[in-house]
Amino acid sequence: MSNNSHRNQYNTSEVFQPFMDHQVDDSYYRQEMRKLLPQNLSGLKILDIGCGTGHDLAFFVERGAEAYGIDAAMKMVQYASKKVSAAKVIQHDFTKQFPFESSYFDLVHSQFALEHEFDLTKIFEEVHRVLAPNGVFFLLVMHPIKHLLEKTNHSYFEQEQYVEIFFDGTASVQMTSHCLADYLSPYVLSHFRLTKFAEKSFEPGNCVKEWGYPSYMILRLAKNNL
Ligand SMILES: C[S@@+](CC[C@H](N)C(=O)[O-])C[C@H]1O[C@@H](n2cnc3c(N)ncnc32)[C@H](O)[C@@H]1O
């Protein structure tokens, strides 16, 4: 797969269909993320980057938020727009400038999406730009330890695009490995305050090794007003 085709992979039926079949609201990772969100979302402007089928957009709208989503895959955008008609969903590559004005959002949310990309710098810059002065970025990504255990080059530092198999083996996608410093970069640490950090495991049976390790991590990043 070429360097850019990973952005189109969610349009293929081999990936899109398993996603349709596994959109369960009570996924443990969604619950873990929601524990950290503000209790009252009413009236908040929320942007979900890499929104997929719009499962979290539906959650935000049900709780009275004004919800926006961007996703690179047209099939995902069409599905999410239909499912959550109150949300504004736009096809957009989140490594490019976001199609929103500065300081517009109270909250930016992203779950299992950033790790598809190689370079996260522009994404963090754009999240910072579109967040309001007291805005917060809720980010859930694959844990770098999980990348390390599944990639083939066995190097923590060397970035690799590898195949991630999920949904009981019914789907596979190209994933890009990252190390912790890609998320806690000098830019992130100077433009945001890390106010919550959690490391979590997928449920037993979903691990590639017998022993426990963190599968994903959640960062709560409050915008620093410079
Ligand atoms: C694993 S899915 C997660 C979807 C959703 N956040 C969820 O938790 O159900 C990853 C999503 O990120 C999107 N994505 C990946 N790279 C992207 C990019 N550069 N710009 C926008 N969306 C992207 C994919 O199209 C896909 O819908």
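This report describes the fold, the sheet and the ligand shell of a predicted model.

Residues are numbered from 1 along each chain as its sequence is written. In this predicted model, local features need pLDDT of at least 70 and side-chain atom pairs count only at pLDDT 80 or more, while totals for chains, interfaces and linings use all residues.

The protein chain has eight helices and nine strands; helices (H or I, at least four residues) and strands (E, at least two) are DSSP runs, numbered from the N terminus. Its C-alpha trace spans about 45 × 40 × 35 Å along the principal axes. The radius of gyration is 17 Å, which agrees with the value near 17 Å for a compact globule of 226 residues; the radius is taken over C-alpha atoms, and the globule rule is 2.2 Å times the number of residues to the power 0.38. Of contacts between residues at least 6 apart in sequence, 65% join residues at least 24 apart, where a contact means C-beta atoms, placed from the backbone, within 7 Å.

Seven strands form an open sheet with mixed pairing, in the order S3-S2-S1-S4-S5-S9-S8; two strands pair if DSSP finds at least two bridges between them. S3 and strand S8 (192-200) are at the edges with a single partner strand each, so one side of each has no neighbour in the sheet. From one strand to the next the twist averages 15°. Strand S2 (residues 66-71) and S3 run parallel and are joined by four bridges. Ile-70 has Ile-90 in S3 as its bridge partner.

Helix H4 (residues 74-83) lies across S2 and S3, at about 170° to S3. H5 also packs on the sheet, where it touches strand S1 (45-49), S4, strand S5 (131-142) and strand S9 (216-223), and its direction makes about 145° with that of S5. Axes are lines fitted to C-alpha atoms, for helices over the stretch in contact, and angles run from 0 to 180 degrees between N-to-C directions.

Two residues other than glycine have positive phi.

| Residue | Phi | Loop | C-beta neighbours inside 10 Å |
|---|---|---|---|
| Ser-103 | about 60° | between strand S3 (88-91) and strand S4 (105-111) | 13 |
| Phe-112 | near 50° | between S4 and helix H5 (121-130) | 17 |

Ser-103 counts as partly exposed, and so does Phe-112. A residue is buried with 20 or more other C-beta atoms within 10 Å of its own, exposed with 12 or fewer, and partly exposed in between, with C-beta atoms placed from the backbone. In the protein chain, 37% of the 226 residues count as buried.

Key
Two residues are in contact if their C-beta atoms, placed from the backbone, lie within 7 Å.
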